[in-house]
Every structure is written in structure tokens, then in C-alpha cells.
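Hi,

Here is the structure I said I would pass on. Have a look at it first, and then read on for what turned up.

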Amino acid sequence: YDDKAGLVMYAQRRKWSAEEEEALLAGICKYGPGKWSYIINDPEFRAQLSNRTNIDLKDKWRNMTIKEEAKTLVNKI
């Protein structure tokens, strides 16, 4: 919280790297969607996802799923 301006300060967004996306997908294959804390704490994925939170993983998975559904719909047209 910034007292001078009366604004809430947010963490700066970072673009997902291909390595992070691959680690997320591998973690979902291993544990299933929704097991974000298991994925983040797994030694196999911890290094790649060290700058991400459970919420980041959930949001990225949701966005990847929506994007894939949109591609499927476009291909049907």
C-alpha cells in the first residue's frame, strides 16, 4: 500500500517462459489440474516455477484451456 498516493501497489506481471509452461503442463500430467501446491513444491518443477504462485498456475492453466477451446471452435468453422 502506498500511503502517499493512497494506492495499492501490485507485483509486476511477468510473461510466462516456454520452460515455465512446459513445467506447468508436466506437473498437471503428474498430479492433475487443481494440485497447484503439489506442482510448485515438486523438486522436478520447483526451479522452473520458483517465481510463480499457486494462483499464477491456476490462472495460466485457465487461460491455456480457454485458448485451446477457442482454437477448437475456430477449426470447426
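Let me start with a term, as the first finding depends on it: a pocket here is an open set of grid points with protein on both sides within 12 Å along at least five of seven lines. Keep in mind throughout that this is a predicted model.

**The pocket**

With that in hand, the largest pocket comes to a volume of about 540 Å³. Its lining is made up of 16 residues, and R13, R14, W16, R52 and D56 are the ones that lie nearest the centre. If you sort the lining of the largest pocket by class, you get nine charged residues, four polar ones and three nonpolar ones. Helix 4 is the biggest contributor to that lining, giving six residues.

**The overall layout**

Stepping back, the protein chain has four helices and zero strands, so to speak a plain α-α-α-α pattern when you read along the sequence. Of the 77 residues in the protein chain, 22% are buried. As for contacts between residues at least 6 apart in sequence, 42% of them join residues at least 24 apart.

**The core**

Which residues form the largest nonpolar core? There are eleven of them: W16, A23, L24, I28, W36, I39, I40, F45, L49, L57 and M64. Helix 1 (18-31), helix 2 (36-41) and helix 4 (54-76) each put in at least two residues of this core. In soluble globular proteins, nonpolar side chains tend to be buried together.

L49 is a handy place to start if you want to click through the core. Once you set aside the neighbours within four places in sequence, L49 is in contact with W16, E20, A23, L24, I39 and L57. Note that E20 is on that list, which brings me to the charged side chains.

**Salt bridges**

How many salt bridges does the structure hold? The count is seven, and I'll go through three that I looked at.

E20 takes part in two of these. One is with R14, where the side chains meet at 3.6 Å, N to O. The other is with R52, at 3.1 Å, N to O. R52 sits in the loop between helix 3 (43-46) and helix 4, while E20 is in helix 1, so this pair ties together parts that are 32 residues apart in sequence.

Is E20 buried or exposed? E20 has 3% relative accessibility and therefore counts as buried, the cut-off for that being under 20%. R52 is buried as well, with a relative accessible area of 10%. R14, on the other hand, counts as partly exposed because its relative accessibility is 40%.

The third bridge joins D59 and R62, with the closest N and O atoms 3.1 Å apart. Both residues lie in helix 4, three residues apart, which is about one turn of the helix. D59 is partly exposed, with a relative accessible area of 24%, and so is R62, at 41%. Back with the E20 bridges, shared partners join R14, E20 and R52 into one network. Two members of that network, R14 and R52, are also among the residues nearest the centre of the largest pocket.

**Two more spots to check**

D42 is in the loop between helix 2 and helix 3. Its relative accessible area is 5%, so D42 is buried. Not counting residues up to four places away in sequence, D42 touches K30 and Y31. You can also compare D42 with G27: the two are 15 residues apart along the chain, and their C-alpha atoms are separated by 8.3 Å.

S17 is found in the segment before helix 1. S17 is partly exposed, with a relative accessible area of 30%. From S17 to Q48 is 31 residues in sequence and 9.2 Å in space, C-alpha to C-alpha.

That's the lot from my side. Shout if anything reads oddly when you open it up.

Cheers

Terms used. Residues numbered from 1 in each chain as written. Predicted model: local features only at pLDDT ≥ 70, side-chain atom pairs only at ≥ 80, totals over all residues. Heavy atoms only, no water. Core = buried A, V, L, I, M, F, W, Y, C linked by side-chain atoms within 4.5 Å. Buried < 20%, exposed > 50% of the residue type's maximum accessible area, 1.4 Å probe, protein only. Contact = heavy atoms within 4.5 Å. Salt bridge = Lys/Arg side-chain N within 4 Å of Asp/Glu carboxyl O. 1 Å grid on protein atoms, 1.4 Å probe; cavity = no way out; pocket = protein on both sides within 12 Å on 5 of 7 lines; lining within 4 Å. Points joined across faces, edges and corners; volume = space filled by probe spheres on them. Nonpolar A, V, L, I, M, F, W, Y, C, P; charged D, E, K, R; others polar.
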